[in-house]
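Here is a brief report on one protein model. Please look at the sequence and the structure first.

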Amino acid sequence: MPATTSVKSSKIKVSASTWVFNIIGYIFITLIALLCLLPFIILISGSFSSEQAVRLNGLSIFPQDFTTEAYEFIFRNPQDILNAYGITILITAIGTGVGLIFLTMTAFVISRKDFKYRNVISFYFYFTTLFNGGMVCTYIFYIQYYGLKDNLLALILPGLTPVFYMLIMRNFVSGIPSALIESAKIDGAGEVRIFFQIVLPLLGSGLATIGLFMALTYWNDWYNAMLYINTEWKYPLQYMLYNMIQKAAAMARVASQLGIPVENMPTNTLKLAMAVVATGPIILLYPFVQKYFVKGVTIGSVKG
């Protein structure tokens, strides 16, 4: 008869103290997650509440006197909102994509130990984070020398190569073993091929992390539009919503001066609804890059 062997369970026994610790930890983390989610729930609830209820009772978890007046005010011209979304998506996509290429190329160069002037160029970039020409000189430079008044490029170029992100990307590139680059050179690969076929595919977490930060910067930018853009159909989403808030506040001031009741005019609820409209797409995008983001922000935390 063939010998029978008893298969012992490979399952690790967990002590009672570990079970208690895990349960307490899960409960604590769940409460923290709910506390982080609570402000956004209140934000959505307030956007569907009436202006008078918000003024009298403040914000709450559940809508008070449910209404969609704030969203109706925002989407009274849906074509304008869709156009503003399109402009913002275009700016964010082009600025983030091109910026990542420029940042990664620069980081690749200044991280190479065989590049003689890498420290000098790194200091040159770093110096610009400490001293710059200021807003007036920057405005004159973009308007008079670049001719970017009322041009969408004025919304893309200022955030194209953030030096801080460049220095972070250099740390990502420095984590790639130099033996890979040396072996590729021995096989006859040039610098361009090494960058696009070896270095770039290994920077997934870094590209996702820096890309998310840059996309958020472009998506939330309204200041450059205020400086450089005059044509209304070129307004990005954030600046268009900003103008709506200013117009609503101006209408409320004029109405109060004329003695017209303004209790039901959406002002506070309008701000809440605009925050929901502006942040919704970013919240939907985040889960797709979360795993790269978590890996990217922890790079360098463990030495090995």
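## A salt-bridge network

Glu191 and Lys185 meet through their side chains in a salt bridge, with 3.5 Å from N to O. The model is predicted, and the distance is computed from its coordinates. Salt bridges with shared partners join Arg112, Lys185 and Glu191 into one network.

How exposed is Glu191? Glu191 has a relative accessible area of 38%, so it counts as partly exposed. Lys185 is also partly exposed, with a relative accessible area of 35%.

## Other salt bridges

The whole structure holds 4 salt bridges. One of them pairs Glu51 with Arg55, whose closest N and O atoms are 3.1 Å apart. Both residues belong to helix H2, residues 51-57. They are 4 residues apart there, which means a separation of about one helical turn. The burial of the two partners can be read from their accessibility. Glu51 is buried because its relative accessibility is 2%, under the 20% cut-off. Arg55 is partly exposed, with a relative accessible area of 41%.

Lys234 forms a salt bridge with Asp150. The closest N and O atoms of this pair are 3.9 Å apart. Which parts does the pair tie together? Lys234 lies in the loop between H12 and H13, and Asp150 in the loop between H6 and helix H7 (153-156), so the bridge ties together parts 84 residues apart in sequence.

## The surroundings of Lys234

Lys234 and Asp150 are both buried. For Lys234 the relative accessibility is 15%, and the residue counts as buried because that value is under 20%. The loop that holds Lys234 runs between H12 and helix H13 (237-257).

Which residues does Lys234 touch, leaving out those up to four places away in sequence? The contacts are Ile87, Asp150, Leu152, Leu155 and Ile229. Asp150 is thus listed as a contact and is the salt-bridge partner as well.

## Gly95 inside helix H4

Gly95 sits in helix H4, residues 78-110. Is Gly95 buried or exposed? Its relative accessibility is 0%, so Gly95 counts as buried.

Gly95 touches Ile156, Leu160, Met214 and Tyr218, with residues up to four places away in sequence not counted. Met214 is 119 residues from Gly95 in sequence. In space, the C-alpha atoms of Gly95 and Met214 are 8.0 Å apart.

## A nonpolar surface patch

A nonpolar patch on the surface has about 1,000 Å² of accessible area together. Its residues are Met135, Val136, Ile140, Phe141, Tyr145, Tyr146, Leu153, Leu157, Trp222, Tyr223 and Met226.

Which helices each supply at least two residues of the patch? They are helix H6 (134-145) and helix H12 (223-228). H6 gives the largest share, 5 residues. Tyr223 is found in helix H12. Tyr223 counts as partly exposed, at 35% relative accessibility.

## Cysteines

How many disulfides does a search of the whole structure find? The search finds 0. Cys36 has 60% relative accessibility and counts as exposed. Cys137, at 48% relative accessibility, counts as partly exposed.

## The overall fold

The protein has 14 helices and 0 strands. From the N terminus on, its elements read α-α-α-α-α-α-α-α-α-α-α-α-α-α. Of its 304 residues, 34% count as buried.

Among contacts between residues at least 6 apart in sequence, 72% join residues at least 24 apart. The protein exposes about 19,500 Å², and carbon and sulfur atoms supply 67% of this area.

## Confidence

The average pLDDT is 82, and 87% of the residues score at least 70. Over residues 3-7 the pLDDT is below 50. This stretch has 0 contacts in the model beyond near neighbours in sequence. Over residues 300-304 the pLDDT is also below 50. That stretch, too, has 0 contacts beyond near neighbours in sequence. Where pLDDT is low, predicted coordinates should not be read in detail.

Notes: Residues are numbered from 1 along each chain as its sequence is written. This is a predicted model: local features need pLDDT of at least 70, side-chain atom pairs count only at pLDDT 80 or more; totals for chains, interfaces and linings use all residues. Side-chain values use heavy atoms; hydrogens and water are left out. Buried means under 20% relative accessible area, exposed over 50%, partly exposed in between (1.4 Å probe, protein chains only). Contact means heavy atoms within 4.5 Å. Accessible areas come from the Shrake-Rupley method with a 1.4 Å probe; for residues, only the protein chains shown count as cover. pLDDT is the predictor's confidence in each residue, from 0 to 100. Patches are made of residues with over 30% relative accessible area and no salt bridge: like charges are joined within 9 Å, nonpolar side chains (Val, Leu, Ile, Met, Phe, Trp, Tyr) within 5 Å. A disulfide is a pair of cysteine sulfur atoms within 2.5 Å.
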